[in-house]
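Could you walk me through this structure, stop by stop? I have it open in my viewer and would like to know what to select next and what I will find there.

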Amino acid sequence: MLSSTWRSRSTRGVLVIGAAASLVLSGCSDKSSDGGGGGNTDLSIQPVVQLDTEGKAVAQTDAGAAADPAGDGKAKCAPTSIAMAGPLTGGNAALGINITMGVKLALDKHNKANPDCQVSVKEFDTEGKPQNASQKIPTIVADPSIVGLIGPTFSGETKATGQILSEAGMPTLTASATNPTLTQNGWKTFFRGLGNDNSQGPAVANYLTKEKGFKKICVVQDNTDYGAGLAQAFLTAAGGAADPSCAANVKEGDKDFSATVSKLSAAKPDAIFYAGYYAEAAPFVQQLRSGGVTATFVSADGSNDPEFVRQAGSSSKDALLSCPCSPAPEKFAAEYTAFNGQAPGVYSVEGYDLATILLKGIDSGKVTRADLVEYVRTYTGTGVAREYKWGETGELANIQIWMYEVK
């Protein structure tokens, strides 16, 4: 998830998010009432600019041209299901819930408009853990009513189950798994609905070093497939600005970061780049601030969620967060909030867009897994987040990265 202090936006041609962003941002915003080392605060994650992989500003997609899941209202099909697999409980549940709510909004629009073609979603809670996903995915592929999958959510669980899904011919569209190696396994049914860490890492590194002018960056990574891939991509692009003497490793589930904080305090970097998820990022940044470390805290899509701000409190202020995901445009944010009872979060838009693509396939008569795989493989169209067109390996043809700031 994304963030950045964009003081130079007016002079560097950075895309300024206008009035619509106040609601757009509610998709990645929330109040934090946790003390977080600084008492009650009123902070939110606000999108600032979309970047190319060189860290330069590019224009955002026109959401007004996005495909409508309602279609023409004339679709006919037998009752059909798609699945969603990801964390619905556990420390990082918000990420899976955001996607599921986006999927449900698309289904609601479709089903209301197409009484003769009703599509439901079956939810499978993996907690984002590979071992759990390995138990749930066989159930999904064995269910003949399920013709497509949105997920898995995390890179580790995707890595553990991608071959099973490919052998079963299951269309597998992930809204969030960004480890670059996932499309290098020869899977025939996997499609990534956003950029990978080989695009996110360089974009952030180039922005921090070229646009922000940071000279010394300490990289801290967790022990997940996501954290490892993102950190490596960032390190490669950051070059000499990434100081190996202050690099550090933490583990998923850690809550005590005192040793790492001491190391970073002594290093006195300009910025700290954390490759991991918000469940650890929140206490980590709290402990950094309480330990007197004032370096800019930077993280990516694993931390770009209102829960990061809620849990970290005032310690999250000025954090920079990146994401290959898109913020929610005003109209989408209003519809999502009205339907789900809460504002969209990171990956909500991607969940909606990918469900819409599957629904368009079903409406066109592609009601088998094999037909849907081919439909997605040859699909070209505009979504709320971006243009969707996939290459042979399941990577998008055109990729941008968003930057956000907690303020």
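Start by selecting helix H3 (residues 93-113) and helix H11 (residues 330-340) in this predicted model. Their axes come within 10 Å and cross at roughly 95°, so the two helices are roughly perpendicular to each other. To see how they touch, show the side chains of Ile97, Asn98, Met101, Gly102, Lys104, Leu105, Asp108 and Lys109 on H3, and of Phe332, Glu335, Tyr336, Phe339 and Asn340 on H11. Colour this contact by residue type and you will find six nonpolar, three polar and four charged residues.

Keep Lys109, Phe332 and Glu335 selected, since they are also among the residues that line the largest pocket. Now add the rest of that lining: Ala63, Gly64, Ala66, Ala67, Asp68, Pro329, Lys331, Tyr352 and Val384. The pocket has a volume of about 240 Å³. Which helix gives the largest share of its lining? That is H11, with three residues. By type, the lining divides into seven nonpolar, one polar and four charged residues.

Next, hide the side chains and turn to a sheet of five strands. This open sheet has the order E4-E3-E5-E6-E7, and its pairing is parallel. Strand E4 (119-125) and strand E7 (190-192) stand at the edges with a single partner strand each, so one side of each has no neighbour in the sheet. On average, neighbouring strands here are turned by 25° against each other, direction ignored. Zoom in on strand E3 (residues 80-86) and strand E5 (residues 146-150), a parallel pair with three bridges. Here alanine 83 stands opposite leucine 149 of E5.

Two backbone details are worth a stop. In general, most residues other than glycine have a negative phi, and most peptide bonds are trans. Select glycine 151 and proline 152: the peptide bond that joins them is cis, with omega about -10°. Proline 152 sits in the loop between E5 and helix H5 (155-167). Then move to glutamate 127, in the loop between E4 and helix H4 (130-142). Glutamate 127 is not a glycine, yet its phi is positive, at about 60°.

Now for the enclosed spaces. How many cavities of 30 Å³ or more does a search of the whole structure find? There are two, and the largest has a volume of about 50 Å³. Select Leu95, Thr153, Phe154, Ser155, Ser176, Ala177, Thr178, Tyr226, Tyr277, Asp301, Gly302 and Tyr347 to see what lines the largest cavity. Its lining residues divide into six nonpolar, five polar and one charged.

The last stop is a sheet of eight strands, also open, in the order E2-E1-E15-E12-E11-E10-E8-E9 and with mixed pairing. At its edges are strand E2 (57-58) and strand E9 (248-249), each pairing on one side only. Within the sheet, pick out strand E12 (residues 320-323) and strand E15 (residues 401-406), which run antiparallel and are joined by four bridges. One pair to label is cysteine 323 with its bridge partner in E15, tryptophan 402.

Finally, bring back the helices that pack on this sheet. Helix H7 (residues 225-238) touches strand E8 (217-221) and strand E10 (271-275), and its direction makes about 160° with that of E8. Helix H9 (residues 278-290) touches E8, E10 and strand E11 (296-299), with its direction at about 170° to that of E11.

Technical notes. Residues numbered from 1 in each chain as written. Predicted model: local features only at pLDDT ≥ 70, side-chain atom pairs only at ≥ 80, totals over all residues. Heavy atoms only, no water. Axes fitted to C-alpha atoms, helices over the stretch in contact; angles between N-to-C directions. Parallel < 35°, antiparallel > 145°, perpendicular 65-115°, else oblique. Contact = heavy atoms within 4.5 Å. Nonpolar A, V, L, I, M, F, W, Y, C, P; charged D, E, K, R; others polar. 1 Å grid on protein atoms, 1.4 Å probe; cavity = no way out; pocket = protein on both sides within 12 Å on 5 of 7 lines; lining within 4 Å. Points joined across faces, edges and corners; volume = space filled by probe spheres on them. Pairing = 2+ DSSP bridges.
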